[in-house]
Amino acid sequence: KEVVENNNEGFLPKLPPFDYSPPPYTGPSAADILAKRKAYLSPSLFHFYNKPLNIVDGKMQYLFDESGRRYLDAFGGIATVCCGHCHPDVIKSITNQINRIQHTTVVYLNHAIADFAEALASKMPGNLKVVFFTNSGTEANELAMMIARLYTGCNDIISLRNAYHGNAAGTMGATAQSNWKFNVVQTGVHHALNPDPYRGVFGSDGEKYAKDVQDLIDFGTSGHVAGFISEAIQGVGGIIELAPNYLPAVYASIKKAGGLCIADEVQSGFGRTGSHFWGFETQGVVPDMVTMAKGIGNGIPLGAVVTTPEVAEVLTRRCYFNTFGGNPVCTAAGLAVLNVIEKEKLQNNAFVVGSHLKERLTALKDKYEIIGDVRGRGMMLGVELVSDRQLKTPAKAETLHVMEQMKELGVLIGKGGFHGNVFRITPPLCLTKDDADYLVDAMDYTLSKM
Ligand code: PLP
């Protein structure tokens, strides 16, 4: 059966050829699944598309619906699938492990856990070499914030406005967008001005924004803090790369106040920025703790906190463990992911293809008034739509329209930012130049029809 991959007759480019067809789908219809979702799954505000897609297969940078139609996955499971969907090496590593043992606890030894911890530590700078495994980014950040509080004996933590660090009580306190917050107790976090080069009050002057952190320490705390947490490129917040020179100045203030610096690499880690393996490296700093999830397991639930032996020591004061954190099947996936990134030079691909993609998107900005900003690096790119460039008025409805139309052309992208007017382009790092060109052509065509 021939599968139509492009629903618009007027649009001539074709998705790059790809030598894979998924097996025929024999499961329930999209309508049946939707009915079950409505009846049995928690109601969600997460409706990107008018009609949610029924995704039944994935292979590398592509997804397939129940009819076998192929889509370019330029959202990557929310910046999670780094090696590509169902990468054979990752599957092999998981399968080998699952055939031996699916679960064991910290009571026993298992090499899959120790091997991955060692490999992860080898990717870290400085003395960051002690790993605690978790199941998600939220858990990793909860743990890092708790460690900072235990280590310093202080409660105050500083995070950035517009940040997203998770959705449990502690991390929701660090998250700083009203869209993502419930009105429940979230104490001890102060939110500093966001060093946002596009919308922030000081433009690209990172050092000026950093003074706000010193102000918060001086006027909002006892002068001593537990720590500071931030992403290097805010993901949920709309792909905002912190203004240059921001983190070195902030880290100096935090250290002076006795606090620990936590880098949240849940989205920006594992080579996604292209230029560096970790996002914080783009600002030349070395944190006291690094938290990670998403790309670490290529979609397998896994997270981690990596810190120094000196800081990690605080957890020996009590029994501290996490039942599933560091499950051998997940860590086997993690080890394969690190190997694939290295073997297939995915960080370099993120740099080369990501730079090309950014260049082409930036050229679209010259063509269409509605594009207010193109930003990010590697395979973590943002395109912000505004209805007035001077006023930077968010063009939210247009953003949804473009996403819907691009879906019809076979391209899936994400959206984010406080106003929901930023396209988030975070594909698997194996995206090719032809894929990138197709994505831009589809966006160009869609914008030309508005
Ligand atoms: N930190 C960042 C930067 C994130 O983007 C996210 C999720 O999007 C989290 C933490 C929370 O991770 P999780 O959804 O795995 O709990």
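Two strands count as paired here if DSSP finds at least two bridges between them. By that yardstick, strand S11 (residues 289-292) pairs with strand S12 in the antiparallel sense, over four bridges. Within this pairing, Met-289 sits opposite Thr-307 of S12. The model is a predicted one, and what follows walks through it from the whole chain down to single residues.

Taken as a whole, the protein chain holds 13 helices and 18 strands. Its radius of gyration comes out at 22 Å, close to the 22 Å that the globule rule gives for 450 residues, so the chain is as compact as a globular protein of that length. Along the principal axes, the C-alpha atoms of the protein chain fill a box of roughly 65 × 60 × 45 Å. Of the 450 residues, 50% count as buried. Contacts also reach a long way along the sequence: among those between residues at least 6 apart, 75% join residues at least 24 apart.

Back to strand S12 (residues 303-307). Five of its five residues are buried, so the strand is largely enclosed by the rest of the structure. In a regular strand the side chains alternate between the two faces of the sheet. Here both faces are covered, with Gly-303, Val-305 and Thr-307 buried on one side and Ala-304 and Val-306 buried on the other. Besides S11, strand S4 (residues 130-134) pairs with S12, again in the antiparallel sense, this time over five bridges. Thr-307 turns up in this pairing too, as the bridge partner of Val-130.

Ala-304 of S12 also has a part in the largest nonpolar core. That core has 124 residues, and Ala-304 and Val-411 are the ones that touch the most other members. Helix H10 (residues 328-343) gives the most to this core, with nine residues. Leaving out residues up to four places away in sequence, Ala-304 touches Leu-120, Val-131, Phe-132, Phe-133, Thr-134, Ala-140, Met-292 and Ile-296.

A separate piece of strand architecture is an open sheet of four strands, in the order S1-S2-S3-S16 and with mixed pairing. Strand S1 (55-59) and strand S16 (411-412) stand at its edges, each with a single partner strand, so one side of each is left without a neighbour in the sheet. S1 runs antiparallel to strand S2 (residues 62-65), and four bridges join the two. One of the residues involved is Gly-58, whose bridge partner in S2 is Leu-63.

Next comes the ligand. There are 15 residues around it, and Ser-136, Gly-137, Thr-138, Gly-166 and Val-266 come nearest. By type, the shell divides into five nonpolar, eight polar and two charged residues. Helix H5 (residues 137-152) gives the most to this shell, with three residues.

Asn-141 has its place in helix H5 as well. With 29 other C-beta atoms within 10 Å, against a cut-off of 20 or more, Asn-141 is buried. Its C-alpha atom is separated by 7.3 Å from that of Gly-166, although the two residues are 25 apart along the chain. Setting aside residues up to four places away in sequence, Asn-141 touches His-165, Gly-166, Thr-171, Ala-174, Ile-229, Asp-264 and Thr-291. Gly-166, then, is both a contact of Asn-141 and one of the residues that come nearest the ligand.

Two other helix residues give a contrasting picture. Ala-169 lies in helix H6 (residues 169-174) and, with 13 C-beta neighbours inside 10 Å, counts as partly exposed. Beyond residues up to four places away in sequence, Ala-169 touches Val-184, Val-185 and Gln-186. From C-alpha to C-alpha, Ala-169 and Val-185 are 7.0 Å apart in space and 16 residues apart in sequence.

Lys-433 lies in helix H13 (residues 433-448). It is likewise partly exposed, with 14 other C-beta atoms within 10 Å. Its contacts, again not counting residues up to four places away in sequence, are with Val-353 and His-356. Tyr-108 is another matter: this residue and Lys-433 are 325 residues apart along the chain, and their C-alpha atoms are separated by 46 Å.

Conventions. Residues numbered from 1 in each chain as written. Predicted model: local features only at pLDDT ≥ 70, side-chain atom pairs only at ≥ 80, totals over all residues. Near = placed C-beta within 6 Å. Nonpolar A, V, L, I, M, F, W, Y, C, P; charged D, E, K, R; others polar. Core = buried A, V, L, I, M, F, W, Y, C linked by C-beta atoms within 7 Å. Buried ≥ 20, exposed ≤ 12 C-beta atoms within 10 Å, placed from the backbone. Contact = placed C-beta atoms within 7 Å. Rg over C-alpha atoms; globule rule 2.2 N^0.38 Å.
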